[in-house]
Structures are given as C-alpha cells and as structure tokens.
Amino acid sequence: MNAFRTLIIAALGCAALPAFALSEGGQTQLHQLQTRWAEINYQLPEKQREEAFGKLVTQADAALAGEPKAPELLIWRGIILSTQAGAKGGLGALSLVKQAKSSLEQALAIDPQALAGSAYTSLGSLYYQVPGWPIGFGDDDEAEKLLKQALAINPDGIDPNYFYADYLQRKKRYAEARGALQKALAAKDRPGRELADKGRRAEAQALLQQVEGKLK
C-alpha cells in the first residue's frame with residue numbers, strides 16, 4: 001500500500017482543455033477543477049490534502065449534476081478521487097479508488113478520445129498502483145495495455161509518458177523508462193496548466209535520475 005499511496009499522491013492530472021462536448025459553463029468548471037487540483041497536489045501541505053481533495057470531489061459532483069454525461073468531468077472526478085485516495089492511504093483508500101475506476105470507465109464508454117485519452121492514462125495508472133486480488137483490482141498486464149492505448153492517442157503527452165515510464169521502471173525495464181521520461185520532459189506546455197506541468201516535470205526529472213542510476 002505504501003507504493004500505491006506514494007505515486008497516487010503524485011497523481012493523474014493529465015488533461016488539456018476540451019475541444020468539444022462541454023458547454024461554456026462546463027469548460028469553466030473543468031478548468032477550475034484542474035487548477036484547484038494542481039494547487040492542492042503541488043502547493044498544499046500533505047496533511048491538508050485529503051480533506052481538500054474531498055471538497056474538490058464535491059465540486060466535481062456538482063459540475064456533473066449539470067452535465068452528467070460529460071466525459072471530461074467524469075475523467076476529472078476520477079482523477080480527484082484517485083489523488084484523494086493517495087492522500088488518505090491504507091485500506092480505507094480502496095473505496096475511493098473503486099469510485100475513481102467507475103468514473104473513468106464511464107468516461108471511456110462515452111468517449112475514449114476525450115481529453116486526449118486521459119481516461120486511459122488515469123485508469124492504467126490505477127491498475128499498476130492498486131494492490132491485486134484479493135485486496136484490490138490491480139493488474140500489471142491491464143495497466144500496460146491501457147497506458148499503451150493512452151500513448152496511441154497522445155504519444156507526446158507529458159502524463160501518458162510519465163506514467164508509462166513509472167510502470168516500466170517498476171518492471172525494471174529501465175532503458176524503456178528512460179526513453180518515455182525523455183519524451184515526457186520534452187512535452188509541450190499545456191495552456192492553463194502551468195502549475196501542473198511544472199510539478200509533473202519535477203517528478204519526471206526525479207524519476208529520470210533514479211532510472212539513470214539503475215542503468216549505470
């Protein structure tokens with residue numbers, strides 16, 4: 001559970017602003033969720049994060065009440081629940097992770113391409129971080145499949161490359177992980193996601209240093 005907690009806290013804040021589907025009000029709400037998520041995840045003291053993410057889930061639920069079939073909002077509900085689970089830690093986090101999984105699966109059923117395939121990235125990262133049966137639903141093979149689907153949609157994205165790299169280094173496939181991290185660090189900035197990009201690049205750089213050490 002410690003490994004599960006550590007990376008989920010690093011979290012899944014992946015998506016660029018939507019090109020379609022959401023109303024103008026929904027797009028505003030989505031951007032507010034993304035911005036607040038990054039503030040909590042990268043700026044708030046660790047002890048305050050679980051409660052803050054819980055409040056943000058409530059905000060996501062309110063947004064979905066107006067647009068219940070919006071895959072972008074379903075994705076971000078899943079992301080927020082996932083990071084709340086990471087902040088909570090322990091077996092008590094599993095109920096949150098299961099809710100996140102459900103939300104992401106709903107988004108995939110509606111539009112797998114939404115937010116450049118971010119549901120695949122987020123769901124894939126859950127599958128390799130969550131414990132396997134009988135505790136949880138974790139499955140490394142399913143994780144790799146989902147992460148590769150994310151990369152097929154968004155091959156140069158910072159988040160799919162970062163999480164695929166983390167999966168690869170856990171499998172001791174260090175040369176492949178290095179290549180994915182180099183792509184993550186070379187990813188273009190996402191408009192309106194400056195704080196999230198800065199935080200993810202710092203995580204990618206730290207992981208690259210670890211991987212380079214394994215390759216020496």
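**Helix packing and aromatic pairs in a predicted model**

Gln182 is a residue of helix 9, and the structure described here is a predicted model. With a relative accessibility of 44%, Gln182 counts as partly exposed. Its C-alpha atom lies 32 Å from that of Lys47, a residue 135 positions away in sequence. Gln182 is a handy place to start, since its helix leads straight to a neighbour.

That neighbour is helix 8. The axes of helix 8 and helix 9, the latter spanning residues 174–186, come within 8 Å and cross at roughly 160°. Angles over 145 degrees count as roughly antiparallel, so helix 8 is roughly antiparallel to helix 9. The crossing of these two helices is left-handed. On the side of helix 8, the contact is made by Ile158, Asn161, Tyr162, Tyr164, Ala165, Leu168 and Gln169. Helix 9 contributes Tyr174, Glu176, Ala177, Ala180, Leu181, Lys183 and Ala184.

Helix 8 also packs against helix 10, which covers residues 194–215, at an angle of about 30° and with the axes 11 Å apart. Here the cut-off for roughly parallel is an angle under 35 degrees, and helix 8 is therefore roughly parallel to helix 10. This crossing, of helix 8 and helix 10, is left-handed. Ile158, Asp159, Tyr162, Phe163, Ala165, Asp166 and Gln169 of helix 8 make the contact with Asp197, Arg200, Arg201, Glu203, Ala204, Leu207 and Val211 of helix 10. Readers following the side chains may like to note that Ile158, Tyr162, Ala165 and Gln169 are named in the contact with helix 9 and are named again in the contact with helix 10.

Helix 10 has a further partner in helix 2, residues 24–43, and the axes of the two come within 9 Å and cross at roughly 40°. Helix 2 passes helix 10 in a left-handed crossing. From helix 2, Trp37, Ala38, Glu39, Tyr42 and Gln43 meet Leu195, Ala196, Gly199, Arg200 and Glu203 of helix 10. Arg200 and Glu203 thus appear in the contact with helix 2 and also in the contact with helix 8.

Aromatic side chains come next. A search of the whole structure gives 6 aromatic pairs. In one pair, the rings of Tyr164 and Tyr167 have centres 6.3 Å apart and planes at 10°, so the pair is stacked. Both tyrosines belong to helix 8, residues 158–170, where they are 3 residues apart, or about one turn of the helix. Tyr164 and Tyr167 are both buried. Tyr164 is also among the residues through which helix 8 touches helix 9.

Tyr167 deserves a closer look. The relative accessible area of Tyr167 is 2%, which makes the residue buried. When neighbours within four places in sequence are set aside, the contacts of Tyr167 are Tyr128, Asp140, Ala143, Glu144, Leu147 and Arg173. By comparison with these contacts, Glu105 is a distant reference point: 62 residues from Tyr167 along the chain, with 20 Å between the C-alpha atoms.

Elsewhere, Trp37, Tyr42 and Trp76 form one aromatic cluster. Trp37 and Tyr42 are also among the helix 2 residues that meet helix 10. A charge over a ring is found as well: the charged end of Lys101 sits over the ring of Phe137, 5.4 Å from its centre.

Finally, a few points of backbone geometry. Most residues other than glycine have a negative phi, and most peptide bonds are trans. Against that background, the peptide bond from Trp133 to Pro134 is cis, with omega near 10°. Pro134 is located in the loop between helix 6 (114–129) and helix 7 (140–153). Leu115, although not a glycine, has a positive phi of about 50°. Ala116, also not a glycine, has a positive phi of about 55°. Leu115 is found in helix 6, and Ala116 is found in helix 6 too. As for accessibility, Leu115 has a relative value of 9% and so counts as buried, whereas Ala116, at 34%, counts as partly exposed.

Definitions and conventions
Residues are numbered from 1 along each chain as its sequence is written. This is a predicted model: local features need pLDDT of at least 70, side-chain atom pairs count only at pLDDT 80 or more; totals for chains, interfaces and linings use all residues. Side-chain values use heavy atoms; hydrogens and water are left out. Rings of Phe, Tyr and Trp (its six-membered ring) pair if their centres lie within 6.5 Å; planes under 30 degrees apart count as stacked, over 60 as edge-to-face and the rest as tilted. Helices (H or I, at least four residues) and strands (E, at least two) are DSSP runs, numbered from the N terminus. Buried means under 20% relative accessible area, exposed over 50%, partly exposed in between (1.4 Å probe, protein chains only). A charge sits over a ring if NZ of Lys or CZ of Arg is within 6 Å of the ring centre and within 35 degrees of the ring normal. Axes are lines fitted to C-alpha atoms, for helices over the stretch in contact, and angles run from 0 to 180 degrees between N-to-C directions. Angles under 35 degrees count as roughly parallel, over 145 as roughly antiparallel, 65 to 115 as roughly perpendicular and the rest as oblique. A crossing is left-handed if the near helix is turned anticlockwise from the far one by less than a right angle, and right-handed if clockwise. Contact means heavy atoms within 4.5 Å.
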